[in-house]
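User: I am in my first year and would like a close look at one part of this structure, namely how its helices and strands pack against one another. Could you take me through that slowly, in connected prose?

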Amino acid sequence: MNENGHNVVDIRSLKKYYPVRGGVFKRHIADLKAVDDIDLSIRKGECLGLVGESGCGKTTLGKTILRLHEATDGRIYFDQPKDKIEEVERLLASQRPEEIARGKTLLGIMDITRVSRKRLLALRKKLQIVFQDPSNSLNPRMLVKNIVAEPLVTQKLVESRELEDKVVSLLNTVGLAREHLMRYPHEFSGGQRQRIAIARALATNPDFVLMDEPTSALDVSVQAQILNLLKKLQSDFSLTYLFVTHHLLVVKYISNRIAVMYLGKIVELSETEELFTNPLHPYTKALLSAIPVPDPDTGIEKIILSGDVPNPIDPPSGCRFHPRCRHAREVCREEVPKLESAGEAHQVSCHLWREL
């Protein structure tokens, strides 16, 4: 958290639903609840890991924060003082129409989901993304020089006579050189292409970067190089990361805190070391038990989850994990658990966590 006492990103009751249409007239018949009522804060200078099975909503959450997807409901505050956020939330919860109206007016300035396109364009300088597969995220018809320069030109951040030197400086920062300027993406290895994508993300001097599984398409040795690079860049440029991945050992290495996501909801949030030594949610325990261990005689229990991930169009009642949880009870089927404090800097969404 920074000196002014506020988070880089503060999310309140965020929802992202995709309409499901059916019938001859393609009427709206249901919603796919990719992100469902999430509260989450990301501190300045930290790397927050976001983990969960494929399809749980990790990438959707990240892209909604950047407004690459439009939110269905909720608020996303970027780089706003905590006291100002609480004031807006108080106004919105008021029973007085004039206070609610004032709160909505402030949201138009402070909330990423509601700001004007002009204001959003200015915010883009501070909000960037590194995609999962550089083979798809880099334009194969553009030279590296133009790929890295594009955000600088779009945001009008550098004079044309200084553009090439700035691009070379960015390439040097990620371990590439001037000799790479006039090449196309297909002329590079996977690791080098991801370095180019990182250089492009750094071009606007951002505060917050969404890392959408940036190492999953790379060999293990190259993954280590990219992770070390990301840690160095975070320190050198005071960056804040949201690191989306399904690889628990990767997120353990790079993250300060970890949020575990299941079927559109955060089920556990904790400091990294605390999560690995003292997991509280049954789903988190199952994920950690799946990490391969070189010694077959360790005696670590492997938790095999029954069934498949439920359909997000028709999620289970109560706790969404209860159909696959071996500890589930009647209360789990009837009541939705809240994300509650389970100690200092540790939160969990489970009715039974004290007993497990």
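Analyst: What follows goes through the sheets, then the helices that pack on them or on each other, and then a few side chains.

Please keep in mind throughout that this is a predicted model.

We can begin with the sheet of eight strands, which is open and runs in the order β5-β6-β7-β3-β8-β9-β11-β10, with mixed pairing. At its edges stand β5 (127–130) and β10 (340–341), each of which pairs on one side only. Within this sheet, strand β3 (residues 47–51) and strand β7 (residues 240–244) pair in the parallel sense, and four bridges hold the pairing. If you want to find one of these partnerships in the picture, look for L50, whose bridge partner in β7 is V244. Helix α9 (residues 220–237) packs on this sheet, where it touches β3, β6 (208–212) and β7, and its direction makes about 155° with that of β7. Helix α12 (residues 282–289) also packs on the sheet, but its contacts are with β8 (257–262) and β9 (265–271), and its direction makes about 105° with that of β8.

There is also an open sheet of three strands, in the order β2-β1-β4, and here the pairing is antiparallel. Because β2 (27–42) and β4 (73–78) stand at the edges with a single partner strand each, one side of each is left without a neighbour in the sheet. From one strand to the next, the twist averages 25°. Strand β1 (residues 9–22) runs antiparallel to β4 and is joined to it by five bridges; one pairing to look for is that of D10 with Y77 in β4. Helix α1 (residues 58–65) packs on this sheet and touches β1, β2 and β4, with its direction at about 115° to that of β1. Helix α2 (residues 82–92) packs on the sheet as well, touching β1 and β4, and its direction makes about 160° with that of β4.

We now turn to helices that pack on each other, where two values carry the description. Two packed helices are described by the angle between their axes and by the distance between the axes. For helix α6 (residues 144–154) and helix α8 (residues 190–202), the angle is about 30° and the axes are 7 Å apart. Angles under 35 degrees count as roughly parallel, and α6 and α8 are therefore roughly parallel to each other. On the α6 side the contact is made by V144, I147, V148 and P151, and on the α8 side by I196, A199 and R200. Sorted by class, the residues of this contact are six nonpolar, no polar and one charged.

Helix α6 also meets helix α7 (residues 160–173), and here the axes come within 10 Å and cross at roughly 110°, which makes α6 roughly perpendicular to α7. In this contact V144, K145, V148, A149, L152 and V153 of α6 meet L163, E164, K166, V167, L170 and L171 of α7. By class, the contact of α6 with α7 has nine nonpolar, no polar and three charged residues.

Lastly, some side chains deserve a look of their own. Y262, Y283 and F321 are linked into a cluster by ring pairs. Charged ends sit over rings too: that of K16 lies over the ring of Y18, 4.8 Å from its centre, and that of K252 lies over the ring of F276, 4.9 Å from its centre.

Definitions and conventions:
Residues are numbered from 1 along each chain as its sequence is written. This is a predicted model: local features need pLDDT of at least 70, side-chain atom pairs count only at pLDDT 80 or more; totals for chains, interfaces and linings use all residues. Side-chain values use heavy atoms; hydrogens and water are left out. Axes are lines fitted to C-alpha atoms, for helices over the stretch in contact, and angles run from 0 to 180 degrees between N-to-C directions. Helices (H or I, at least four residues) and strands (E, at least two) are DSSP runs, numbered from the N terminus. Angles under 35 degrees count as roughly parallel, over 145 as roughly antiparallel, 65 to 115 as roughly perpendicular and the rest as oblique. Contact means heavy atoms within 4.5 Å. Ala, Val, Leu, Ile, Met, Phe, Trp, Tyr, Cys and Pro count as nonpolar, Asp, Glu, Lys and Arg as charged, and the others, Gly among them, as polar. Rings of Phe, Tyr and Trp (its six-membered ring) pair if their centres lie within 6.5 Å; planes under 30 degrees apart count as stacked, over 60 as edge-to-face and the rest as tilted. A charge sits over a ring if NZ of Lys or CZ of Arg is within 6 Å of the ring centre and within 35 degrees of the ring normal. Two strands pair if DSSP finds at least two bridges between them.
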